Amino acid sequence: MKLLISPKNKTEAIEAIKGGANIIDVKNPSEGPLGANFPWVIKEIVDIVPKNIETSCTIGEMPKLPGSISLAARGAASIGVNYVKAGLSGLKNPEEAINLMSKVVKAVKNFNSEIKVVITGYADAEKINSINPLLVPIITANVSADIAMIDTAIKNGKSIFDFLTEKQIKNFVNSSHKLNLKTALAGSIKKTDLIMIHTFGADILGIRGAACTHGDRLYGKITRKKVQEIVNYLKYTKN
């Protein structure tokens, strides 16, 4: 399982790299769970990441603006990241999601077919009146994206385990794999959740808050020590 850490600036990215992250996922947490950062910040971080570490960025939520999100996706792809992450917030049904996300995939893949597109649903979808996260694998497969992901939309300390059962999360991972998709899990995941996460067989674990000082994703700062603690814990779960 790859560890994805989400810095908001170059300083945090260096800490994540030094701590042992596998994927450096640039985002702007002040703009939401998939808040997009500035292109110059993403470029600055991409330029310092070693070649053996992958890079990713988020492009925000634009449920009713297919042109805008397509342009954002193309812009993200042009910066040199390995993954582009788009979210399903504000979408009510699979048809809307497939229509919007197909544009994202086309924008990215027409630029570079090697870049992976991550489609993100939210465990707390009912709280934001959005699409059932367990439909994400079907949507991801329908638009020929690469990775199905579950996160949480409302960042108030509640995790994916507060909204989905272990069985539901396992089924999400298994159904994604049957569709030849990779899977990613995130959403206020704590160090104590890592053993359980490992048993699900997910391909990517997404972390920000647990890697920050005081566990605060907005005002805390990622430190190499906290990232290293997570890396060591993941190594322990494999034994």
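# Close-up views of a predicted model

**View 1. The cysteines Cys212 and Cys57 in the predicted model.** Cys212 is buried, its relative accessible area being 0%. Cys57 is likewise described as buried, again with a relative accessible area of 0%. A disulfide is a covalent bond that joins the sulfur atoms of two cysteines. In this model, a search of the whole structure finds 0 disulfides, and Cys57 takes part in none, the nearest cysteine sulfur being that of Cys212, 18 Å away. Looked at from the other side, the sulfur of Cys212 has its closest cysteine sulfur in Cys57, and the 18 Å between them is too far for a bond.

**View 2. The surroundings of Arg208.** Arg208 is found in the loop that runs between β8 (204-207) and α8 (224-238). Although this residue belongs to a loop, Arg208 is buried, because its relative accessible area is 6%, and buried means under 20%. Two partners of its side chain can be picked out in this view: the side chain of Glu12, which is joined to that of Arg208 by a polar contact of 2.8 Å, and the backbone oxygen of Arg217, which the side chain of Arg208 reaches at 2.7 Å. When neighbours within four places in sequence are left aside, the residues in contact with Arg208 are Ser6, Pro7, Lys8, Glu12, Pro29, Arg217, Gly220 and Ile222.

**View 3. The salt bridge between Lys2 and Glu54.** Side chains of opposite charge can pair when their charged atoms come close. A search of the whole structure finds 8 salt bridges, and one of them is shown here, where the side chains of Lys2 and Glu54 meet with a distance of 2.9 Å from N to O. Lys2 lies in strand β1 (residues 2-5) and Glu54 in strand β3 (residues 54-58), so this pair ties together parts of the chain that are 52 residues apart in sequence. The two partners are set differently with respect to the surface, since Lys2 counts as partly exposed at 35% relative accessibility, whereas Glu54 is buried, with a relative accessible area of 19%.

**View 4. The salt bridge between Glu15 and Arg224.** In this view Glu15 forms a salt bridge with Arg224, and the closest N and O atoms of the two residues are 2.7 Å apart. Glu15 belongs to helix α1 (residues 10-19) and Arg224 to helix α8, so the pair ties together parts that are 209 residues apart in sequence. Glu15 is buried, with a relative accessible area of 18%, while Arg224 is partly exposed, with a value of 37%.

**View 5. The salt bridge between Lys43 and Asp47 within helix α2.** The side chains of Lys43 and Asp47 meet in a salt bridge with a distance of 2.8 Å from N to O. Both residues lie in helix α2 (residues 39-48), where they are 4 residues apart and therefore separated by about one helical turn. Lys43 is partly exposed, its relative accessible area being 38%, and Asp47 is exposed, with a relative accessible area of 51%.

**View 6. The aromatic pairs and a charge over a ring.** The count of aromatic pairs in the model comes to 2. In one of them, the rings of Phe38 and Trp40 have their centres 5.0 Å apart and their planes at 10°, so the pair is stacked. Of these two residues, Phe38 is partly exposed, with a relative accessible area of 42%, and Trp40 counts as exposed at 58% relative accessibility. In the pair formed by Phe161 and Phe200, the ring centres are 6.3 Å apart and the planes stand at 40°, so this pair is tilted. Phe161 lies in the loop between β6 (147-151) and α6 (166-178), and Phe200 in helix α7 (residues 194-200), so the pair ties together parts that are 39 residues apart in sequence. Phe161 is partly exposed, with a relative accessible area of 21%, whereas Phe200 counts as buried at 4% relative accessibility. An aromatic ring also has a charged partner elsewhere in the view, where the charged end of Lys116 sits over the ring of Tyr83, 5.8 Å from its centre.

Terms used:
Residues are numbered from 1 along each chain as its sequence is written. This is a predicted model: local features need pLDDT of at least 70, side-chain atom pairs count only at pLDDT 80 or more; totals for chains, interfaces and linings use all residues. Side-chain values use heavy atoms; hydrogens and water are left out. Helices (H or I, at least four residues) and strands (E, at least two) are DSSP runs, numbered from the N terminus. Buried means under 20% relative accessible area, exposed over 50%, partly exposed in between (1.4 Å probe, protein chains only). A polar contact is a pair of N or O atoms within 3.5 Å; within protein, one must be able to donate a hydrogen and the other to accept it, and residues adjacent in sequence count only if both atoms are side-chain atoms. Contact means heavy atoms within 4.5 Å. Rings of Phe, Tyr and Trp (its six-membered ring) pair if their centres lie within 6.5 Å; planes under 30 degrees apart count as stacked, over 60 as edge-to-face and the rest as tilted. A charge sits over a ring if NZ of Lys or CZ of Arg is within 6 Å of the ring centre and within 35 degrees of the ring normal. A salt bridge is a side-chain nitrogen of Lys or Arg within 4 Å of a carboxyl oxygen of Asp or Glu. A disulfide is a pair of cysteine sulfur atoms within 2.5 Å.
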